[in-house]
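Hi everyone, thanks for coming. I'd like to walk you through one structure today, so have a look at it on the screen.

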Amino acid sequence: YKEFLSKRVGRAYRRQTKRLNELGDYHCEFFRDREALEHFDDFVAIEDSGWKGKQGSSLAKAPAYHEFCKTLCGSYCDCRSLLMSFSSVNYKRIAATLCSLEGNVCHVLRTGYLEDYSTYSPSNVLLMETIRHLCEHYPNITLVNTHPYSYGYKQNYCHTEESCLTYQIVNKTLKASMYNQLYTLKNNIKASVERIRGRTRQPAISH
């Protein structure tokens with residue numbers, strides 16, 4: 001898999017991993033199904049400590065969604081498709097990833113990290129470690145769907161092409177109209193920058 005990564009991403013992964021190891025005992029854990037479900041509350045706490053908690057989009061800040069997600073994880077357990085991973089420094093968990101396995105695809109559903117460790121990019125490193133774990137232990141998994149909703153950084157870890165259509169429905173108000181125009185302008189600028197860089201949007205990872 002690493003053969004498909006850009007040199008820049010590879011260097012960043014090695015640099016951040018080295019920094020994390022310098023903090024002490026850095027290691028990753030991977031849990032499946034019922035055992036993974038036992039660690040669900042830890043995942044929720046880690047996710048809530050970062051930017052998702054501050055913006056109110058974490059599971060802890062949305063009780064109804066929290067209950068839905070926990071019930072969904074229970075269903076994944078019944079199908080033997082739940083995978084949860086954690087990274088720890090000195091036995092303190094600092095990042096977590098929630099995934100489901102379906103056929104040859106691993107869906108990365110949610111990620112989170114402790115805000116105090118944000119400068120170490122722990123969720124990015126854990127994503128790489130999770131992919132490596134899949135390559136080593138789940139040879140039937142050939143695609144990883146990272147759900148790049150906001151198209152921020154996940155495309156850096158991909159090498160498959162994609163096409164995507166996005167529709168946004170706004171209210172007929174002046175504020176909504178202004179927001180829609182700014183949103184469209186932002187996306188147009190981002191697309192122009194990506195074309196200049198010669199990069200293609202990619203939502204999935206394969207090895």
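I'll begin with the overall layout and then turn to a few side chains.

Please keep in mind that this is a predicted model. The protein has 207 residues, and 43% of them count as buried. Its secondary structure comes to 7 helices and 6 strands. If you follow the chain from the N terminus, the order is α-β-α-α-α-α-β-β-β-α-β-α-β. How do the contacts spread along the sequence? Take the contacts between residues at least 6 apart: 73% of these join residues at least 24 apart. As for the surface, the protein exposes about 12,400 Å², with 53% of that supplied by carbon and sulfur atoms.

Now let's zoom in on Leu 23. You'll find Leu 23 in the loop between helix 1 (7-22) and strand 1 (26-32). Its relative accessible area is 32%, so Leu 23 counts as partly exposed. Which residues does Leu 23 touch, leaving aside neighbours within four places in sequence? They are Val 89, Asn 90, Tyr 117 and Tyr 120. Asn 90 is 67 residues away from Leu 23 along the chain, yet their C-alpha atoms are separated by 7.9 Å.

On to the aromatics. The whole structure holds 4 aromatic pairs. One of them is Tyr 65 with Phe 68: the ring centres are 6.0 Å apart and the planes meet at 15 degrees, under the 30 degrees cut-off, so this pair is stacked. Both residues sit in helix 5 (residues 63-78), and because they are 3 residues apart there, about one helical turn separates Tyr 65 from Phe 68. Are these two buried or exposed? Tyr 65 is partly exposed at 38% relative accessibility, and Phe 68 is partly exposed too, at 48%.

Tyr 117 and Tyr 120, which we met as contacts of Leu 23, form a tilted pair, with 6.3 Å centre to centre and 50 degrees between the planes. Here Tyr 117 counts as buried at 15% relative accessibility, and Tyr 120 counts as buried at 16%. Tyr 120 also has a charged partner: Arg 19 lies over the face of its ring, 4.2 Å from the ring centre. Elsewhere, Arg 93 lies over the face of Phe 86, at 4.0 Å from the ring centre.

Last stop, the surface. Leu 182, Leu 185, Ile 189 and Val 193 make a nonpolar patch of about 360 Å². Ile 189 belongs to helix 7 (residues 174-197), and at 49% relative accessibility Ile 189 is partly exposed.

That's my tour, thanks for listening!

How values were computed
Residues numbered from 1 in each chain as written. Predicted model: local features only at pLDDT ≥ 70, side-chain atom pairs only at ≥ 80, totals over all residues. Heavy atoms only, no water. Patch = residues over 30% accessible without salt bridge, like charges linked within 9 Å, V, L, I, M, F, W, Y side chains within 5 Å. Areas by Shrake-Rupley, 256 points an atom, 1.4 Å probe, with all protein chains shown as cover. Salt bridge = Lys/Arg side-chain N within 4 Å of Asp/Glu carboxyl O. Helix = DSSP H or I, 4+ residues; strand = E, 2+ residues; numbered from the N terminus. Buried < 20%, exposed > 50% of the residue type's maximum accessible area, 1.4 Å probe, protein only. Contact = heavy atoms within 4.5 Å. Phe/Tyr/Trp six-rings, centres within 6.5 Å; stacked < 30°, edge-to-face > 60°. Lys NZ or Arg CZ within 6 Å of the ring centre and 35° of its normal.
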